[in-house]
Amino acid sequence: MENADPIKTDPDSIAANKTWEGIMDKRVDHLAYFNATSCDVEDFRQLVSQKLDDGIVPHAYKVVAGIPVYRVADLETVLAGSESRSRLMAEWAQVMRLHSGVLVLEEAYKDVTPIDRATQVYNRIIAEEKAASGGGADHFAAAGANDRIWNSLQKLCLEAPDVFADYFANPAIDAVCEAWLGPNYQMTAQVNLVRPGGKAQQAHRDYHLGFQSAEDCARYPAHVHDLSQVMTLQGAVAHTDMPIESGPTKLLPFSQLYRPGYAAYRLEAFKEFFDQNYVQMPLRKGDAVFFNPALFHAAGDNSSVDIQRMANLLQVSSAFGRAMESVDRDAMCRALYPVLLAQTGQETMSGTRLEAAVSACAEGYSFPTNLDRDPPVGGLAPETQKQLFLRALQDRMPAADFEAALLARAERRQA
């Protein structure tokens, strides 16, 4: 394996890193909840200053700025074997959970024909959607700063199933998804096209807790902050060459290890630290990058003159992110609303009791949804069914109007 930058692998350095991790964990492990007061940028600085031991990544052919790079052509035999594939997946999981939190698959598509064919379909979809609606809202960036295709997975499959088949018949991408999430993962994707002059995103963490407001995030207990990052995997397939001037994703290796990070990334001190210490990996068409969703990251500025930077952003979810039973919550809301409307304000149905009743009935989470028709306008996530229910009660909305609002919401969310 080549080392593209000096990586400290001596025993004293490794021991020091492990000692610091233990100290950092003890400082926050007694906290039941994380908020802005839980965060210390000096602790964060110490945590992300550690180096990657190249003994952790024997299948990588080089390490760049703490990020292991895997040449997929070298892994074909490994991926074809049961035991060897398991060892490789264990390595990838360890990198994303305990070490730098990010890895690059070089030439994930050695033959870029599937990339080019998909790009043609995506460009056609972008033109059609812009003509129809003028473009949609985006997460962590201003609307209009780029072109985005929500649910590019379904749109590619329905528009060109033969292209879809070639594109997703990729053993390396399948293996990295399974390495982090286990089998039966759920694939979704969104195409992002950033034109010259497109501005950088703000540093952030991703779905799930990364898409909640600071106030909502602080309501989730600390152990759920730990859980959120193992429920999804972030990936990006490069549809164009991405030199640094085109603005490939800014990454901060090891930042996923900072437990209060879903509160921290919103704070100015952490934003400034990120801006001073991030790294960027130039990519070529057909390369792919995958990272723990808790890694601090942000799309970069496209300062190029003529590069139309396109990536297919893969948002992959655990098969376990589902309830046990199918529940018709719209029907339940229609039945319960008149009862609670009549009881609102009575002592027997005061604030906390009222919210508890609504919580048991209504869907309290914005996702999954159809982001074309139900975009995150004015925030990171669309209004939930529970928020609509409580808003309707507060406004004393007539039952018929509430039912119409429920129906409109359900129609917006349909695939």
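What follows is a chat between a trainee and a mentor about a predicted model.

Trainee: Let's start with the strands. What makes S5 and S6 a pair?

Mentor: Strand S5 (residues 147-149) and S6 are joined by three bridges in the antiparallel sense. Two strands count as paired from at least two bridges, so S5 and S6 qualify. One of the contacts to look for is Ile149, whose bridge partner in S6 is Val191.

Trainee: And which strand does S6 join through nine bridges?

Mentor: That's S12 (residues 309-317), which runs antiparallel to S6. Look at Val194 to find one of the bridges: its partner in S12 is Arg309.

Trainee: How do you know that S6 is mostly covered?

Mentor: Count its residues: S6 spans 186-194, and seven of those nine are buried.

Trainee: Now the core. Which residues of the largest nonpolar core touch the most other members?

Mentor: Tyr70, Trp92, Leu105 and Phe290, out of 69 residues. Helix H8 (residues 171-181) supplies the largest share of this core, eight residues. There's another core apart from it, with 16 residues, including Tyr61, Met242, Leu251 and Phe291.

Trainee: What does Phe290 touch?

Mentor: Leaving aside residues up to four places away in sequence, its contacts include Met96, Leu103, Leu105, Ile173, Val176, Leu233 and Leu314. Gln234 is on the list too, as are Gly101 and Gly235.

Trainee: On to charges. Why is Arg85 with Glu178 called a salt bridge?

Mentor: Their side chains come to 3.2 Å, N to O. The cut-off is 4 Å, so the pair passes. In sequence the partners are 93 residues apart, with Arg85 in helix H4 (residues 82-98) and Glu178 in helix H8.

Trainee: Are those two residues buried or partly exposed?

Mentor: One of each. Arg85 has a relative accessible area of 17%, and buried means under 20%, so Arg85 is buried. Glu178 is at 23%, so Glu178 counts as partly exposed.

Trainee: What about Glu268 and Lys271: how far apart are they along helix H12?

Mentor: Three residues, so about one helical turn separates them in H12 (residues 268-277). Their side chains meet in a salt bridge at 3.5 Å, N to O. Lys271 is partly exposed, with a relative accessible area of 23%.

Trainee: What makes Arg391 and Glu383 a salt bridge?

Mentor: The N to O distance is 2.8 Å, so it falls within the 4 Å limit. Both ends are partly exposed: Arg391 has a relative accessible area of 34%, and Glu383 has 30%. As for networks, salt bridges with shared partners tie Arg85, Asp174 and Glu178 together.

Trainee: How many salt bridges does the model have?

Mentor: The count is 20.

Trainee: And how many disulfides?

Mentor: Zero. Take Cys39: the nearest cysteine sulfur belongs to Cys217, 9.6 Å away. A disulfide needs sulfurs within 2.5 Å, so Cys39 is in none.

Trainee: How do you know that Cys333 is in no disulfide?

Mentor: Its nearest cysteine sulfur, that of Cys361, is 3.9 Å away. The limit is 2.5 Å, so this pair doesn't count either.

Trainee: What makes Cys39 and Cys333 buried?

Mentor: Relative accessible area again, with buried meaning under 20%. Cys39 has 16%, so Cys39 is buried. Cys333 has 0%, so Cys333 is buried too.

Conventions. Residues numbered from 1 in each chain as written. Predicted model: local features only at pLDDT ≥ 70, side-chain atom pairs only at ≥ 80, totals over all residues. Heavy atoms only, no water. Buried < 20%, exposed > 50% of the residue type's maximum accessible area, 1.4 Å probe, protein only. Helix = DSSP H or I, 4+ residues; strand = E, 2+ residues; numbered from the N terminus. Core = buried A, V, L, I, M, F, W, Y, C linked by side-chain atoms within 4.5 Å. Contact = heavy atoms within 4.5 Å.
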